[in-house]
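I open my notebook on a new structure. My plan is to look at the DNA contacts, then at the pockets.

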Protein chains: 2
Amino acid sequence: MARREQASRGRDDRAGSLWLQPESKKRDPLTRERIVGAALELLDAHGAAALTVRRLAEQLGVAPATLYGYVRTKEDVLDLALDAVYAEVRIGEEYEDWSAEVAELLHAWRNALLRHPWSATVLGRPQLGPHMLAREERLYALLAAGGLTAPELQDAAYALSNYVIGSLLMQVAWQQQDESVRHAAAGHIAERSEAYPTLAAHRGTPDADWDRSFTNGLRSLLGGIAPD
Amino acid sequence: MARREQASRGRDDRAGSLWLQPESKKRDPLTRERIVGAALELLDAHGAAALTVRRLAEQLGVAPATLYGYVRTKEDVLDLALDAVYAEVRIGEEYEDWSAEVAELLHAWRNALLRHPWSATVLGRPQLGPHMLAREERLYALLAAGGLTAPELQDAAYALSNYVIGSLLMQVAWQQQDESVRHAAAGHIAERSEAYPTLAAHRGTPDADWDRSFTNGLRSLLGGIAPD
DNA sequence: TTATTCTTCCGAACACTGTTCGGACTACCA
DNA sequence: TGGTAGTCCGAACAGTGTTCGGAAGAATAA
């Protein structure tokens with residue numbers, strides 16, 4: 001049965017269908033692009049854990065082993081998918097205030113990743129895709145235009161990038177738990193208010209205002225970075 | 001053969017050994033602490049991927065299924081191990097300059113995690129262990145002592161924590177690749193210097209000075225955070 | 001047309017993974 | 001001595017990423 005299903009996916013046996021076959025074969029050649037497209041669908045719809053080689057192959061109407069003709073490993077697929085997310089980050093051309101433009105770039109970056117929360121699980125490996133590099137080039141260029149040079153330039157890019165990544169990772173980590181867990185965490189701290197007095201008193205609500213915190217933190221960072 | 005090996009681990013059949021058995025059984029009772037201790041050894045010695053339930057059980061001289069009497073899931077083990085790492089972060093009592101003390105706390109935090117690079121892979125889930133909460137309590141307390149209140153306090157803690165985590169994640173991601181990969185990455189960018197001119201010109205050496213960048217970024221951030 | 005190369009594809013297997021369940025063994029207490 | 005808790009684990013389950021030898025198809029050559 002599984003066999004028939006698989007066969008009927010790869011080949012159409014209905015009467016007269018042979019006339020359509022060659023064309024549709026040429027219209028749907030398996031390519032890297034199609035593979036990462038299908039991977040993105042699975043990732044966006046069901047999260048990082050749902051992307052398995054077998055499911056990906058099934059979505060493409062193909063056997064699992066076939067994918068390995070186009071991709072060295074599953075991690076390659078994830079890297080390609082992540083770069084496709086980076087492609088969503090609009091990179092401007094002109095600008096008036098370099099510092100404001102940096103803020104806009106980093107907001108766009110964060111928003112793109114937040115739209116695809118599975119991306120947080122992929123960030124733990126160095127990325128060198130073209131869109132990711134384009135984003136970093138833009139960041140360096142803006143900071144250089146702001147007057148930063150030599151080691152301060154690297155330090156500023158390091159700080160800003162890592163701030164974005166850390167913020168994303170934490171927000172996704174908490175938002176992927178459902179509300180009951182977040183409430184339980186708050187209760188856990190409240191119950192131990194003599195061990196964690198300041199935390200119990202001032203740590204925010206279970207659903208924090210992530211956007212406000214990110215914006216304010218970024219302002220602080222940019223304020224400390226500008227050359228004098 | 002595998003059977004015999006397993007049996008000889010659980011039980012000692014040498015002549016006369018029965019006299020020693022009950023005592024050693026009582027000296028080595030399986031506990032959560034022993035489990036996370038063994039997990040830490042495996043993680044530190046061979047990295048996150050090397051921690052499998054079977055290997056962990058083997059190290060403890062126990063069958064895999066036995067562990068599930070002490071721990072709900074493998075992720076529990078990782079959470080416990082991570083909190084053991086947080087326990088290494090020394091938390092002071094007195095201080096003179098709150099801002100300098102925050103810097104020291106965050107440095108200690110980062111250093112502890114860098115000593116156990118596998119920790120980076122665990123950071124993607126919310127942590128609520130006692131030592132991790134103690135660290136956050138200390139951070140909140142110091143910032144409150146510095147005069148921060150209400151929303152700014154949360155924003156500052158958010159920014160500082162996420163900066164540390166993002167920095168750690170990136171550094172570990174790059175350092176876990178061996179040098180040849182880092183050089184290849186630098187070469188990749190250099191070859192495309194017309195697409196990434198600023199990057200090619202100013203992005204640092206393959207082995208960056210992570211400590212300097214972290215320290216400088218932290219100074220910038222703290223400078224932008226202090227209330228006026 | 002027939003024969004031959006070349007490419008694409010995939011069934012089946014491999015060596016793992018985390019986890020569950022029923023029963024076996026032990027230690028204790030009546 | 002019998003019964004009862006508690007601990008432990010062999011065996012299996014359902015899945016994972018990946019490899020390999022060969023089958024099927026298209027393209028080229030004779």
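**Entry 1: phosphate contacts.** I started with Y70(A). A polar atom of its side chain sits 2.3 Å from a phosphate oxygen of DNA strand C. I note that this is a predicted model. Next I turned to chain B. The side chain of Y68(B) has an N or O atom 2.7 Å from a phosphate oxygen of DNA strand C. For T73(B), I read 2.6 Å between an N or O atom of the side chain and a phosphate oxygen of that strand.

**Entry 2: elements at the DNA.** Which elements give two or more residues to the surface near DNA strand C? I found α5 (64-67) of chain A and α4 (53-60) of chain B. The most comes from α4(B), which gives 3 residues.

**Entry 3: the surroundings of the strand.** I listed 15 residues around DNA strand C. Those that come nearest are T66(A), Y70(A), Y68(B), T73(B) and K74(B). I then asked which part of the DNA the protein meets. Of the atoms of DNA strand C that come within 4 Å of the protein, 59% belong to sugar and phosphate. I also sorted the surface near the strand by class. It has 8 nonpolar, 4 polar and 3 charged residues.

**Entry 4: the largest pocket.** I moved on to empty space. The largest pocket holds about 1,200 Å³. I counted 36 lining residues, and T121(A), V122(A), A120(B), T121(B) and V122(B) are the closest to the centre. Both chains give elements to this lining. From chain A, α6 (74-86), α8 (119-122) and α10 (150-176) each give two or more residues. From chain B, α6 (74-86) and α9 (150-176) do so. By class, I noted 21 nonpolar, 9 polar and 6 charged residues in the lining.

**Entry 5: the second largest pocket.** How much space lies in the second largest pocket? I read about 600 Å³. Its lining has 22 residues. Nearest the centre lie D76(A), D79(A), P126(A), L128(A) and G129(A). I looked up the elements next. At least two lining residues each come from α6 and α9 (130-145) of chain A and from α10 (179-191) of chain B. The largest share is that of α6(A), with 5 residues. I closed with the classes: 10 nonpolar, 5 polar and 7 charged residues line this pocket.

Terms used. Residues numbered from 1 in each chain as written. Chains lettered and ligands numbered in written order. Predicted model: local features only at pLDDT ≥ 70, side-chain atom pairs only at ≥ 80, totals over all residues. Heavy atoms only, no water. Near = heavy atom within 4 Å. Polar contact = N/O pair within 3.5 Å; in protein donor to acceptor, adjacent residues only side chain to side chain. Helix = DSSP H or I, 4+ residues; strand = E, 2+ residues; numbered from the N terminus. Nonpolar A, V, L, I, M, F, W, Y, C, P; charged D, E, K, R; others polar. 1 Å grid on protein atoms, 1.4 Å probe; cavity = no way out; pocket = protein on both sides within 12 Å on 5 of 7 lines; lining within 4 Å. Points joined across faces, edges and corners; volume = space filled by probe spheres on them.
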